[in-house]
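Q: I have a structure here and would like to go through the reasoning behind its descriptions. Could you take me through them one by one?

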Amino acid sequence: MIDGLLTVQTAAAEPAGDYWSMLFVFVLATFIGLGVIRRVSRLLYTPLMSLTNAISAIAVVGSIAVTGAEYPAAIRVLGGIALFASMTNIVSGFLITDRMLKMFKKQ
Amino acid sequence: MTYAVAQAAAILATALFIFSLYWMNDPKTARHAVVAGVSGMLVAVLATWFQPEIVHHGWIVLAIVAGFVVGVPLSLVPLTAVPQRTALSHAFGGLAAGLVGAAEYFLGLTEHPAQLTAFRMSAIVAEVILGFLTFTGSLMAAGKLQEVKWIPQRPVTYPGQNVVNIGVLVVAVALGVVVVMHPAAAWSARVFYGIVGLAVLFGVLLIIPIGGADMPTVISILNSYAGLSAVAMGFVLNNKLLVTAGALDGSSGLILSIIMCRAMNRSFTNVLFGAFGTVQKTVAVGEQKAWKQETVEGAAQLLEQASLVVVIPGYGMAVAQAQHKVRELYDQLTKRGITVKFAIHPVAGRMPGHMNVLLAEANIPYTALVEMEEINPDMPQCDVALVIGANDVVNPAARYAKGSPIYGMPIIDADKAKTVLAIKRSKNPGFAGIDNELYVQDNTWMLFGDAKAVIGDLVKQLASGSGIH
């Protein structure tokens, strides 16, 4: 069973600590997120959604890494499309958030 | 050295993102949020771009330019189209995650099979499933919101729908487990394609039974999925910034989904697996009473004599693009010393906060926008409740009609106002297919017609009669 061998090998190669620290970061960030978002003004839920959209387009970082590295062209194409999609979200997300927030006036 | 720079940039960007969300707690500081968000993004992008592994720059520049070319017009859509735009951006976010996940898998498969560890492979599978189901689900949602012709607007339901939906997801996850256990077998790539295909299909199936009134909840859930797919990408690429930013987005979507579900008195599973269309038409409200129609002159008079007017806007106001006329009406009334408040139900419109943005666009000060919980105690003192294109959020049946699909949903107590004026486009019931007894109450007067036209007439009437008063 070649597959079986492979799994055993790779399992041994995993530096387990790293994954735990990633999970740790994820849990903490979620709690911070819940705490901060709970305080967001209810007036601003629509701009909040476009803002978090733009922020989660941080996927742009992963897309750049895939697009710009020394990888086969087919893989870089996938990265390039992902980069385009993320960049669209960043640009339109931040711009429309600002456009909406400008409209909220006290008087 | 470059490693340290990248890590420091990630910490700085995370801090800026948290500040960005923090500043959204008040409309006064909210515009700082955009500055912080943009700065964080800039730091993150530059720090990644200047890493030594990045050797090809042409495609990166090209994709960024293309992102601007598409992104700028997308940010200029009319505010009534913001729900569609939001759904579309969730689709883009899901697509990006799905594609990067696929790229990482095939990279591992062809170049370094040893890197496809069980943990990494699980993250890739999660990223691909979440990414692609968010992609097609959000595209469907955007299509429904935009009223694209070949996507049915009405909820589409069939017997066994839930079994089919859950079945598709279960098979996708099961195939995922197979690939995690055998990431580099001769047939693994085909199984991987199968996972992608099922995730794409599941996204479509998930949204087919959803109707317009459920959109605020569904958009929030898709928001959460888009964030989680970014988190999964962070696990795959071992990148903590992706994990934190994705988690912030995911928790935002989660909180909004919970608020939307509560505002409809429904559970997540009920929204996703219990299409509204199936529970229609179980209640017949007593004997049929007749509407009482009011003229524009009469309505204007009622408004003029009021001292507190509460406007209750709904999706009908957005459809009719009536918000600017509403502002004129607001001016006419406040000029006379009448207090005008806007009662905003959390699920009014097609996405969270939709009404607030439309009214703010029409220059109505946000201090006049009041939440449901805050306005309800004041409703008995309200002289005129003016309902504009809202229906289910003011239906008293929600309080007691156990068989009704909206039973238990918190509503704005329009019926407790001294007089109710309701502007409605047609005499048909709302989306849930149930009658609204508010409209046949003794103190309710109906104004039939397009909201924009009716309010325009009211404004004209008030403007011409202002000398008499």
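A: Gladly. Let's start at a helix end: just after H14(B), Asn363(B) takes a positive phi of about 70°. Please keep in mind that this is a predicted model.

Q: What makes helix H14 of chain B "mostly covered"?
A: A residue is called buried when 20 or more other C-beta atoms lie within 10 Å of its own. In H14(B), which spans residues 354–361, 8 of 8 residues are buried. They are His354(B), Met355(B), Asn356(B), Val357(B), Leu358(B), Leu359(B), Ala360(B) and Glu361(B).

Q: How do you know that Ala385(B) is buried?
A: Count its neighbours: the cut-off is 20 or more C-beta atoms within 10 Å, and Ala385(B) has 29 C-beta neighbours inside 10 Å, so it counts as buried. The residue sits in strand E4 of chain B. Beyond its neighbours within four places in sequence, Ala385(B) is in contact with Val310(B), Ile312(B), Ala414(B), Ala417(B) and Val420(B).

Q: How far apart are Ala385(B) and Ala343(B), in sequence and in space?
A: They are 42 residues apart in sequence, and their C-alpha atoms are 9.5 Å apart in space.

Q: Why are strands E3 and E6 of chain B said to stand at the edges?
A: Begin with the strand order: 6 strands form an open sheet, E3-E2-E1-E4-E5-E6 (chain B), with parallel pairing. Strand E3 (369–371) and strand E6 (444–448) each have a single partner strand, so one side of each lacks a neighbour in the sheet. From one strand to the next, the twist averages 25°.

Q: What makes E5 and E6 of chain B a pair?
A: At least two bridges between two strands are needed for a pair. Strand E5 (residues 419–424) and E6(B) have 5 bridges in the parallel sense, so the criterion is met. As an example, Val420(B) stands opposite Thr444(B) in E6(B).

Q: How do you know that E2(B) pairs with E1(B) and with E3(B)?
A: The same test of at least two bridges applies. E1(B) and E2(B) pair in the parallel sense over 4 bridges, and Val309(B) has Val340(B) in E2(B) as its bridge partner. E2(B) and E3(B) pair in the parallel sense over 3 bridges, with Ala343(B) opposite Val370(B) in E3(B).

Q: What makes helix H13 of chain B one that packs on the sheet?
A: Its contacts do: H13 (residues 323–335) touches strand E1 (308–313), strand E2 (339–344) and strand E4 (384–388) of chain B. The direction of H13 makes about 145° with that of E2(B).

Q: Which residues have the most contacts inside the largest nonpolar core?
A: They are Ile58(A), Ala59(A), Ala44(B), Leu242(B), Ile312(B), Val387(B) and Ile388(B), in a core of 198 residues. Helix H5 (residues 118–146) of chain B gives the most to this core, with 16 residues. For Ala44(B), the contacts beyond four places in sequence are Ile58(A), Val61(A), Ala9(B), Ala10(B), Ala13(B) and Leu241(B).

Q: How many residues does each chain bring to the contact between them?
A: Chain B brings 103 residues and chain A brings 86 residues. Helix H4 (residues 82–110) of chain B supplies the largest share of the chain B side, 17 residues. By class, that side has 65 nonpolar, 30 polar and 8 charged residues.

Q: What makes helix H4 of chain A "mostly covered"?
A: In H4(A), residues 59–68, 10 of 10 residues are buried. Among them are Ala59(A), Val61(A), Ser63(A), Ile64(A) and Thr67(A).

Q: Why is chain A written as α-α-α-α-α?
A: Chain A has 5 helices and 0 strands, and the pattern is read along the sequence. Of its 107 residues, 58% count as buried.

Q: And what does chain B come to in helices and strands?
A: Chain B has 17 helices and 6 strands, and 54% of its 469 residues count as buried. Its domain assignment gives domain 1 (1–76), domain 2 (81–277) and domain 3 (296–465). The C-alpha centres of domain 1 and domain 3 of chain B lie 41 Å apart.

How values were computed. Residues numbered from 1 in each chain as written. Chains lettered and ligands numbered in written order. Predicted model: local features only at pLDDT ≥ 70, side-chain atom pairs only at ≥ 80, totals over all residues. Helix = DSSP H or I, 4+ residues; strand = E, 2+ residues; numbered from the N terminus. Axes fitted to C-alpha atoms, helices over the stretch in contact; angles between N-to-C directions. Contact = placed C-beta atoms within 7 Å. Domains from an automatic or database assignment. Core = buried A, V, L, I, M, F, W, Y, C linked by C-beta atoms within 7 Å. Buried ≥ 20, exposed ≤ 12 C-beta atoms within 10 Å, placed from the backbone. Nonpolar A, V, L, I, M, F, W, Y, C, P; charged D, E, K, R; others polar.
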